[in-house]
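Hello,

Here is the structure I said I would pass on. My notes on it follow below.

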Amino acid sequence: MIWISFAMYSTASLKGFRSDQWLNDIKFVADANKRNEQGEHLTSDFFPTEEFAKYKDKKEKRQPDLFKAAGAWTVSAAYAVVLRQFDLSAGNLYPIKLFQHDRKTPVDGEYFCLNFGARKTAVLTDQSPRIGKPYPNHDIWQPPGVCRTTILPSERRRWKGRISGLIPRCVARFS
């Protein structure tokens, strides 16, 4: 079983943080984000080490377990513990510090930028009855009613995290 999350496509996952990388070279950040979401292995140089709150009149509290800030997908320490239980392949978790707008006062919690660093290229279609083939003459497979997805480990039931939009679906078995 795999988990599909729509959290990464929800505007609720976007948080008001900026980094010096974001302010100085938005094209670099956009390129790094695109490459990361395509599953490319990226070194820590592609991720910020510090981010600060965008709005000076808002005090940022502890952030959710999965969110996007200044172009980087970020996870809490609790979520990082769960991810480390699985083979991240060429992916990695890079530490990041979050600050209030003043760039001095830390935001509660410990966080990591998530480098996906892997692509699953095999699906056992004969063992995946709910997965469909939208184009009969092409080897393209798609979960029912889903265009873009994020795959999460099935062991999530052991962890009571705060990931908005997470829904379980048995759609595919990966080799």
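F47 and Y94 are both buried. The model is a predicted one, and these two residues are a convenient way into it. Their rings form a tilted aromatic pair, with 5.3 Å from centre to centre and 35 degrees between the planes. Y94 belongs to strand 7, whereas F47 sits in the loop between helix 2 and strand 4, so the pair ties together parts that are 47 residues apart in sequence.

F47 is also one of the residues with the most contacts inside the largest nonpolar core, which has 13 residues. The others named for their contacts there are F17, F67, L98, V107, Y111 and C113. Strand 5 (66–69), strand 7 (92–99) and strand 8 (111–115) each supply at least two residues of this core. Strand 7 gives the most, with three residues.

F67 can be followed outwards from the core. Leaving aside residues up to four places away in sequence, F67 touches S13, K15, A72, W73, T74, L98 and Y111. Two of these contacts, L98 and Y111, are themselves on the list of residues with the most contacts inside the core. There is also a second, separate core of nine residues, and L66, V75, Y79 and L114 are among them. As background, nonpolar side chains in soluble globular proteins tend to be buried together.

Strand pairing

Strand 7 has pairings with strand 4 and with strand 8. With strand 4 the sense is parallel, over three bridges; here E50 has K97 of strand 7 as its bridge partner. With strand 8 the sense is antiparallel, over five bridges. In that pairing, Y94 is matched with C113 of strand 8. Y94 is thus both the bridge partner of C113 and the ring partner of F47.

Other aromatic contacts

The structure holds three aromatic pairs. One of them is F28 with F46: the ring centres are 5.5 Å apart and the planes are at 15 degrees, so this pair counts as stacked. The cut-off that matters here is 30 degrees, under which planes count as stacked. F28 lies in helix 2 (residues 26–37) and F46 in the loop between helix 2 and strand 4 (50–53), so this pair ties together parts that are 18 residues apart in sequence. Both rings belong to partly exposed residues: the relative accessible area is 27% for F28 and 21% for F46. For F46, note that buried means under 20%.

Two arginines sit over aromatic rings. R103 lies over the face of F52, at 3.7 Å from the ring centre. The charged end of R84 is placed over the ring of F112, 4.8 Å from its centre.

The chain as a whole

What is the pattern along the sequence? It runs β-β-β-α-α-β-β-β-α-β-β-β-β, and the chain has three helices and ten strands. Of its 175 residues, 38% count as buried. The chain exposes about 10,500 Å², and carbon and sulfur atoms supply 52% of that area. Among contacts in the chain with a separation of 6 or more, 75% are between residues 24 or more positions apart. The F47 and Y94 pair, at 47 residues apart in sequence, spans such a separation.

Regards

Note on methods: Residues are numbered from 1 along each chain as its sequence is written. This is a predicted model: local features need pLDDT of at least 70, side-chain atom pairs count only at pLDDT 80 or more; totals for chains, interfaces and linings use all residues. Side-chain values use heavy atoms; hydrogens and water are left out. A nonpolar core is a set of buried Ala, Val, Leu, Ile, Met, Phe, Trp, Tyr and Cys residues joined through side-chain atoms within 4.5 Å. Buried means under 20% relative accessible area, exposed over 50%, partly exposed in between (1.4 Å probe, protein chains only). Helices (H or I, at least four residues) and strands (E, at least two) are DSSP runs, numbered from the N terminus. Contact means heavy atoms within 4.5 Å. Accessible areas come from the Shrake-Rupley method with a 1.4 Å probe; for residues, only the protein chains shown count as cover. Rings of Phe, Tyr and Trp (its six-membered ring) pair if their centres lie within 6.5 Å; planes under 30 degrees apart count as stacked, over 60 as edge-to-face and the rest as tilted. A charge sits over a ring if NZ of Lys or CZ of Arg is within 6 Å of the ring centre and within 35 degrees of the ring normal. Two strands pair if DSSP finds at least two bridges between them.
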